Amino acid sequence: MAKMEVKTSLLDNMIGVGDMVLLEPLNEETVINNLKKRFDHNEIYTYIGSVVISVNPYRSLPIYSPEKVEDYRNRNFYELSPHIFALSDEAYRSLRDQDKDQCILITGESGAGKTEASKLVMSYVAAVCGKGAEVNQVKEQLLQSNPVLEAFGNAKTVRNDNSSRFGKYMDIEFDFKGDPLGGVISNYLLEKSRVVKQPRGERNFHVFYQLLSGASEELLNKLKLERDFSRYNYLSLDSAKVNGVDDAANFRTVRNAMQIVGFMDHEVESVLEVVAAVLKLGNIEFKPESRVNGLDESKIKDKNELKEICELTGIDQSVLERAFSFRTVEAKQEKVSTTLNVAQAYYARDALAKNLYSRLFSWLVNRINESIKAQTKVRKKVMGVLDIYGFEIFEDNSFEQFIINYCNEKLQQIFIELTLKEEQEEYIREDIEWTHIEYFNNAIICDLIENNTNGILAMLDEECLRPGTVTDETFLEKLNQVCATHQHFESRMSKCSRFLNDTSLPHSCFRIQHYAGKVLYQVEGFVDKNNDLLYRDLSQAMWKAGHALIKSLFPEGNPAKINLKRPPTAGSQFKASVATLMKNLQTKNPNYIRCIKPNDKKAAHIFNEGLVCHQVRYLGLLENVRVRRAGYAFRQAYEPCLERYKMLCKQTWPHWKGPARAGVEVLFNELEIPVEEYSFGRSKIFIRNPRTLFKLEDLRKQRLEDLATLIQKIYRGWKCRTHFLLMRKSQIVIAAWYRRYAQQKRYQQIKSSTLVIQSYIRGWKARKILRELKHQKRCEEAATTIAAYWHGTQVRREYRKFFRANAGKKIYEFTLQRIVQKYFLEMKNKVPSLSPIDKNWPSRPYLFLDSTHKELKRIFHLWRCKKYRDQFTDQQKLIYEEKLEASELFKDKKALYPSSVGQPFQGPYLEINKNPKYKKLKDAIEEKIIIAEVVNKINRANGKSTSRIFLLTNNNLLLADQKSGQIKSEVPLVDVTKVSMSSQNDGFFAVHLKEGSEAASKGDFLFSSDHLIEMATKLYRTTLSQTRQKLNIEISDEFLVQFRQDKVCVKFIQGNQKNGSVPTCKRKNNRLLEVAVP
Ligand SMILES: Nc1ncnc2c1ncn2[C@@H]1O[C@H](COP(=O)(O)OP(=O)(O)O)[C@@H](O)[C@H]1O
Ligand SMILES: [Mg+2]
C-alpha cells in the first residue's frame, strides 16, 4: 500500500525554532536559550540552514528506531523536525541522485558525540541503501570495522568513557545505484603517549583491559599474561573498571568483529601477541650500574620479563638486551656506540612500546582497508565521514593538544570557506544579489601554526634538526623571537613590548588564541615528541624478530636499507596529512554536524549554559547563523512555499492552476508584504527577515484555524442536517406507526366499553326478569308453605293422639331392624370359609344377638356341612355312615377309637375270590361278604390265640381255618346277642351268643383284631339291618364270657409292658382271664 504522503514542515510544532536562522532577535543568549529549550524537550538536533547541531543527550533516546529511519527516508530536509537522519538522507540522496561526492564533517570537543554521530550516519546509510547478500556483507564489514578500531584506538578519558584517541576519516564508496562497494579508512595521529602513561582518572587503550578480562586462561598462558591488571606498570589502576562497560564482553565483540571484517586466525593471534609484548615491555625495569670510566650505565633488573617478551616475539634476548643498554649513532662512515643511563633506558623502552603500538594500529587500519576495499574498478561515488578529535583544552596541554587543535583550526577554516562558498553559490544559482558578510576568518591562526617559513611547526622542525644542544627551552626562545608580534601568540618572554609585563603566563609556556579559545601549551616534550625518536638499535632488534608482524612493522631496521636521513618529524607528517585531507574535503559536497557537549559530568538532563556558551562561541555558530541569513534568512522552493501558504489568498486557495512561482507572487502581493522583504530566485523564494516568515506562519495558523472552523462549521451543518433528515424520516415512520397503534387501541377500547355496557344492560335486564321470577316463585312458595303449615297444623291437631303412643315402639323397632339388618349385612361379609372343620366365627357385635349369633353359627355350620356332604358319592356316603355309626358307638367310650378314625373301613381284607386257596370257602358262601379278615381267636382255656378267618355275611358270622379255609363255626346273626370290649386301647372283643342256640354250645367267642372298631360297627349295622334289633355293645374293663357251662371273667389291666405294645392274655384261674394292656 502506498504510504500516504503528509506534507509537513519543520515549522510544524516547533519547540523554540528548529532552524536558528529564524531566531529573532539573534544574539548569543537567544541561541543558547533556544538550544536549552529544545534540549529540555529532548530535541537534541537543531539546524542552522543545512548544518546540524547536535547536543549530546548522554542517554539513549527513542529517536533512532527503524520507524524513524522510514520517516526520514526520502523526505525533504525541512519537512520533518531536525534530525541527523535528515542530513544523512540529504547527503545520501544527493550522492545517489545528483552524482555528487559527499563528506560529512563532524566536529566538536571530546565527548560531544562525534563518534556516535558518525556511527548513526553510517547506520542510516546502511539501512536505506540497497540490499542483497553481497551488499549486506560489505555493509556489515564497514560497520564492524568500528568496534575493532575503537578497541585499539579509544580509551576512557575524563571527558569521555569511550574517547577516540585518533582521528578517523572514512570514505564509503558506492556504485551508481547507491549500493555500497567498500571503503577506505584514514587514521590521524594516534595519541600514542597514552600507551606508557595515562593522566589521572583515565585509562590506557581499551584493548589491554579487554584482553586481560576477556581472554581464556589458555590464551593468557599462551601470551604469558596474567589476568591481574595490577601486574602491569602501563595500566593505570585507579580507573581500570569503567561503569557500564563490560570489557570481557567487548573482547568477544571485537574478536567477532575482526572475524567479520576478515582477519585470519593467525593474524588475530599475532596482533594479540604484539599487544601482550607492549604490555610486558612496561614491566622491564632498570637499575643504575656505575662503570669505572665514570659513564652511567643501566642494567635490567629482572630479566624474566625480557625473556618472555623475546619468546613471544622471537627476538634474540641478547640483541634486545643490548639495544636497551647501548645507542649506536652512525654519521657518515662512523659508528659510535654509547651506553644508556637509567633514564635513557626507560626512554628507549617507552619509545619502543609507543612505536610498537602505534605501528600496530596503523597496520590494523591498513589491514581493514584491505578487507573493505571496493572489489570493482567501476566509477565510484564517495561519502566521506570525518570523525576527528575535537578541540581540547586541558590543564596541561602538550604537543598532542597542539596538533589536535591545529587540526580543528583547519577544519573550522574549511567550514567557513565552504559555508560561505555554498551560500554564495546558491545566490548565484538563484540569481540573487550577493551582499558581503562580516565574519571571523581563522586563516591567520592556521598561518601562525603551519606557515612554512615562520610557522610554529616549521620552527619546531628547524629546532629538532639543528645541530648542538636542543631543548624545549631553546625552542620556546625561538618562538618568542619569531612569533612575538603575532596577534594570536602570547608568551611571558615575548620581546614584544605588549606582552613584556605579562606575568599571567607561567614560564616555559606559550599561549595561542585559537578560534575556540585561548590555550596554554607547556613547551616541555615538544621536541622529543616531534622527533619521535626510536633508537636505531631498537628498530633493528625489532626487524630481527622471528615474529612476522613485528618484523614488518619496523622496515627501517633492515640494515640493507639503512637510511641516514632523518625520518620526517611527527609535526610535519601531520601537517602533510591534514593538508591532503583538506584537499580531499574541498572536492566534496560538505555536510556539517557540529556536536555540543551540554555538561562536563557525562550526565543526562544537565545543560550547563556557560559550557555551551563557550562551545557556541568557538564553533562560531552565531557567525554561522549570520552568514546564513546575511542576505536572506529563509529560502524555500516555490512549490512547498505555495503549498504551505496558499490558503492565505483567495486566488490560490484551494487550487492554483498556473506555475508555482506566479502563485507565490500573487500570494505575496495579496498579503502586501513589502517588496524589500523578499526576492524571487530561480527556484526559490528568499525571505529577508525571519519576522516576515513568522508573520506568514502566524497568518497561516490563523487561517488554518479559520479554515478549521469553516470545515468544522460545514461539517457540523452537514452532520446536523443529515441527522435532522434522518430524525424527520424516523419521526414520520414512528408517527405513522404510533397513530395506527393509537387508533387500534382506541377502537379496542370503544369495543370493549361497548361490550361492557352491553353486558351490563343485558345483565341488568336478566337480573330484573330473574328478580321478577324469583319474586313470583317466592310468592308461590310462600303460599305453598303457608298451606303446608296450615295443613300440618291441622293434621297434627288431628293425629296428635296417635303420634305420641306409638312413637317409641316404632323407633325401637325401626332401630332394631336397622341394627339387625346391619348385622346381617356385616355377617354376610364376615362368614368364614366353607371348610367344615374351620372353627372361626366372627365375634358377636351385640349382646342381645347372642342366641341369634350362635344359631346363625350353627345353621351356617350345618349348611356348610350339608354342602360338604353333597359332594360325596354313594360309596363315600356309606363309608361316612359307617364311620358315623362307629363314632356314635365308640367315641369317648373306647380308647382305641381315635386311632381308627383315620383308617378307612375296607371290610373284605382277605380277597377270597382271588385266592385259589379259599376257593372251597368261597363256594360255600353264597351271600355277600361284608367282612373277611384274619383275627386271633383266644383259647378260653389257656388264653393262647389261633388265627381264624373271620367272615361276616348278611346273615351269618363265619369262622374258617386260615390255612385250609375250612369253616369251623357258623353263627347266624340272630344268635349274636352282645359284643363286649374293654374301654382301653386294645383289640379284644367278645361275641356273646344267644343261650341255648346251636352255636352257643361251645360258648362265646373271644377275639382280638386289628380292626376291632370296624368289625364291631359292621356287625352292629348288619345285625340292625337284618334283625331290626340293635346289637348290644358293652364296653367295660371286666365282663363275663360264657365258657361251656362256666362263666369266665375277662379282666383288663393296665401296665405290664413285657411284650412291648402287644396286649397279652393269660388265664389266671378258672374264672379269670387277664388281659394286660400296655
Ligand atoms: N546521540 C546520542 N545519543 C545518546 N548518547 C550519546 C549520543 N551521542 C553521544 N552520546 C554519549 O556520549 C558519549 C560520548 O560520545 P562520543 O561520540 O564518543 O564523543 P566524541 O567522539 O565526540 O568524543 C557516548 O559514549 C555516549 O554515551
Ligand atoms: Mg570520538
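Author: A polar contact is a pair of N or O atoms within 3.5 Å. The model here is predicted.

Reader: Which residue makes a polar contact with ligand 1 through a polar backbone atom?

Author: Look for a pair that meets the 3.5 Å cut-off. An oxygen atom of ligand 1 lies 3.4 Å from such a backbone atom. The residue is Asn162.

Reader: How much of the accessible area of ligand 1 does the protein cover?

Author: On its own, ligand 1 has 550 Å² of accessible area. The share covered by the protein is 84%.

Reader: Which side chain has an N or O atom 2.7 Å from an oxygen atom of ligand 1?

Author: Tyr64 offers a side-chain N or O atom at 3.0 Å, but to a nitrogen atom of ligand 1. The oxygen atom in question has another partner, at 2.7 Å. That side chain belongs to Asn56.

Reader: How many charged residues are in the shell around ligand 1?

Author: In total, 15 residues surround the ligand, with Lys114 among the closest. Asp, Glu, Lys and Arg count as charged. Seven of the shell residues are polar and four are nonpolar. The number of charged ones is four.

Reader: How do helix α15 and helix α16 lie to each other?

Author: Their axes are 10 Å apart, at an angle of about 140 degrees. Roughly antiparallel would need over 145 degrees. The two helices are therefore oblique.

Reader: In which hand does α1 pass α21?

Author: Helix α1 covers residues 28-40, and helix α21 covers residues 609-618. Their axes cross at roughly 120 degrees, so the pair is oblique. The crossing is right-handed.

Note on methods. Residues are numbered from 1 along each chain as its sequence is written. Chains are lettered from A and ligands numbered from 1 in the order in which they are written. This is a predicted model: local features need pLDDT of at least 70, side-chain atom pairs count only at pLDDT 80 or more; totals for chains, interfaces and linings use all residues. Side-chain values use heavy atoms; hydrogens and water are left out. A residue is near a molecule or strand if one of its heavy atoms lies within 4 Å of it. A polar contact is a pair of N or O atoms within 3.5 Å; within protein, one must be able to donate a hydrogen and the other to accept it, and residues adjacent in sequence count only if both atoms are side-chain atoms. Accessible areas come from the Shrake-Rupley method with a 1.4 Å probe; for residues, only the protein chains shown count as cover. Axes are lines fitted to C-alpha atoms, for helices over the stretch in contact, and angles run from 0 to 180 degrees between N-to-C directions. Helices (H or I, at least four residues) and strands (E, at least two) are DSSP runs, numbered from the N terminus. Angles under 35 degrees count as roughly parallel, over 145 as roughly antiparallel, 65 to 115 as roughly perpendicular and the rest as oblique. A crossing is left-handed if the near helix is turned anticlockwise from the far one by less than a right angle, and right-handed if clockwise.
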